[in-house]
Amino acid sequence: MAGGIKKFVVGCFDDEAVLFPAVKNVRRAGYKIHDVYTPFPVHGLDHAMGLRETSLHTAGFIYAITGTTTALTFMSWVFTKDWPMDIGGKPHFALPAWIPITFELTVLFSAVGMVLTFCYLCQLAPFVKKHHFHPRATDDLFVMAIECTDKTNDTEVQEFLQNAGAKEINVQHAESGWWIGRYDKEQKLYRDERGY
Amino acid sequence: MNQPFKLPGSYKMWTYGLIGAGIIAVLYGLIVFHPFEHAGHGHGGNTNSTRFWAVLLQNSVYWLLVVNAAMFFICVTTMAMGGWQVALRRVPEAISSVVPILGIITFAILMAIVWGGRTDIYHWLDKEAVANDHILNGKKGFLNPVLYTVWSAVTILLWWLLGKKMRSLSLKTDKAGSMDYETGKKWIFKNTVWASLFTVFFALTVASTVPWLWIMSIDPHWYSTMFSWYTFASTFVAGMSLIAIFIIFLKNRGQLEYVTEEHLHDLGKFMFAFSIFWTYLWFSQYMLIWYSNQPEETKYFIERIGTAEKAGPYKGIFFFNLIVNFLCPILILMKKGTKRSWTMITFVAVLIIFGHWIDFYQMVMPGTMRDHAEMMPFEFGVAALFIGLIMWGVGRYFTKHSLLAKNHPFLKESMIHHT
């Protein structure tokens, strides 16, 4: 494991309507929300958590114009300098014929680039592992992880979450970033949990 | 909110000012251009009289299709069970209420061209030429004055009546009071049925036959299967821009309290997406013709941009068209911030409406005016007449009816709309 092991207070909510005021109150109390894990995309949660607008689309635009430039420069070089060919009597610099390919490369570059950037931003990749705060976060629970500093009183945070309506609260010491490894060696699997 | 909306004095001033300027332009044309003089044999006879009819044709068809696109917008959003547009629905309704006015004017102009024997506009009206022309002879079943008249009349009449039905369904809810679940369901069903009828007829007209008859037949030897879609995209994106402009006007007057940046964002997306759609069709038409290089097809573009040896008279306008209608919208509207900015949307909407007016200009002029096309006060004056008429009709609808469809079953969905 790389990065740093940190201490988290984890609260699980079973209702979206309880989650939103809880997020608001936790932020107002000055605690730092590490992340909220939800079974499905929750509309407006990013706004409630105070996350800034993503820059993914700016990255997408840059990839797209890179694709456009690549396509146009490569085809111009091939057909006018490197290997000029007479195709149907058209000029060597046959721009209209290149537009579909330019379009495709623009889309390809931006799509692939954005997927990779998205994976990087979310810290996802093949063979890469992240800590799961609660297995039911992919099923029916909204899991809020609050990051503790050395000054945070975790019993106080737990009480706070209790009052905010969390159904299940615990403290976890976990890796905050991603790492390469295997869950079955390093972490107890859900099927090995009691009561599965 | 319950008080009827009163048009500000400046709006009335602009409306009558534009109509006045337009009437002066048309009168000027009537007197100076001798529009009823015989056109001469084929193209390029009396340029001035050709100019009169070509400009009227371009403007009437363009503005009629633009205002009719507003009803298409209502119908497709209704069929898609859309809720977000309900808070602003009265604006496209108001715009579509101009269809009868512009429809009658357009029909009158088309009839004057066809029955006035304007062979300089429609070459296929020349019986002698058609008899000696293998291609035109083959198209005689479609390109003839009777079919042209009947189908134009049916088209305009049904746009009028089906649009009127959609508007009256909406206006009736204002008087009926709020609906319970069952009545609401019935009303939605009825509304959807009429919306589908309009949409089907729209597909049979704007998306196919009408651009063939009214515009493509100016170059009767030439044909393109892309043409109607390209015309549709052109007028639809201009129609969305017109809706946005009127919404922003009402917003500035403190009306439409439930229309927020979220709605503006969606309108901006429509303008952005359909600008790209227009480009896609424009390019598909151009590239296939350029690639296959058939003389009877390339003729259309040679008349516009010319050949490698000699530039055509419309080269500037042709590429300007692409800059205003593709490059500007795609670059300006790409960012979320600009789609949510009232100022930027106003700017781009005006640009798009002007851009597609130019687009129609370069559809009509090369086949009629050849190398003698002008863009002088007369051309802009006629456009002013149509803009003034649209403002007059829309203003009348705004003052006569509530600006909010307050009993529409989906109103709440529109109020809490969030993109």
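Two residues are in contact if their C-beta atoms, placed from the backbone, lie within 7 Å. The model examined here is predicted. By this criterion, six residues of chain B are in contact with four residues of chain A. On the chain B side of this interface, five residues are nonpolar and one is polar. No charged residue is found there.

The interior was examined next. The largest nonpolar core has 111 residues. Val67(B), Ile95(B), Ile243(B) and Met271(B) have the most contacts inside this core. Helix H2 of chain B, residues 47–79, gives the most to the core, with 20 residues. Apart from this core lies another, of 23 residues. Among its members are Val9(A), Cys12(A), Tyr31(A) and Phe142(A). In soluble globular proteins, nonpolar side chains tend to be buried together.

Met271(B) was then considered singly. Residues up to four places away in sequence are not counted. Met271(B) touches Val237(B), Met240(B), Ser241(B) and Ala244(B). Met271(B) also touches Pro329(B), Leu333(B), Val348(B), Ala349(B) and Ile352(B).

In chain A, Ala48(A) lies in helix H2, which covers residues 45–48. Ala48(A) has 17 other C-beta atoms within 10 Å. A buried residue needs 20 or more, and an exposed one has 12 or fewer. Ala48(A) is therefore partly exposed. Residues up to four places away in sequence being left out, Ala48(A) touches Phe20(A), Val23(A) and Lys24(A). Ile180(A) is 132 residues from Ala48(A) along the chain. The C-alpha atoms of these two residues are separated by 32 Å.

Technical notes
Residues are numbered from 1 along each chain as its sequence is written. Chains are lettered from A and ligands numbered from 1 in the order in which they are written. This is a predicted model: local features need pLDDT of at least 70, side-chain atom pairs count only at pLDDT 80 or more; totals for chains, interfaces and linings use all residues. Ala, Val, Leu, Ile, Met, Phe, Trp, Tyr, Cys and Pro count as nonpolar, Asp, Glu, Lys and Arg as charged, and the others, Gly among them, as polar. Helices (H or I, at least four residues) and strands (E, at least two) are DSSP runs, numbered from the N terminus. A nonpolar core is a set of buried Ala, Val, Leu, Ile, Met, Phe, Trp, Tyr and Cys residues joined through C-beta atoms within 7 Å.
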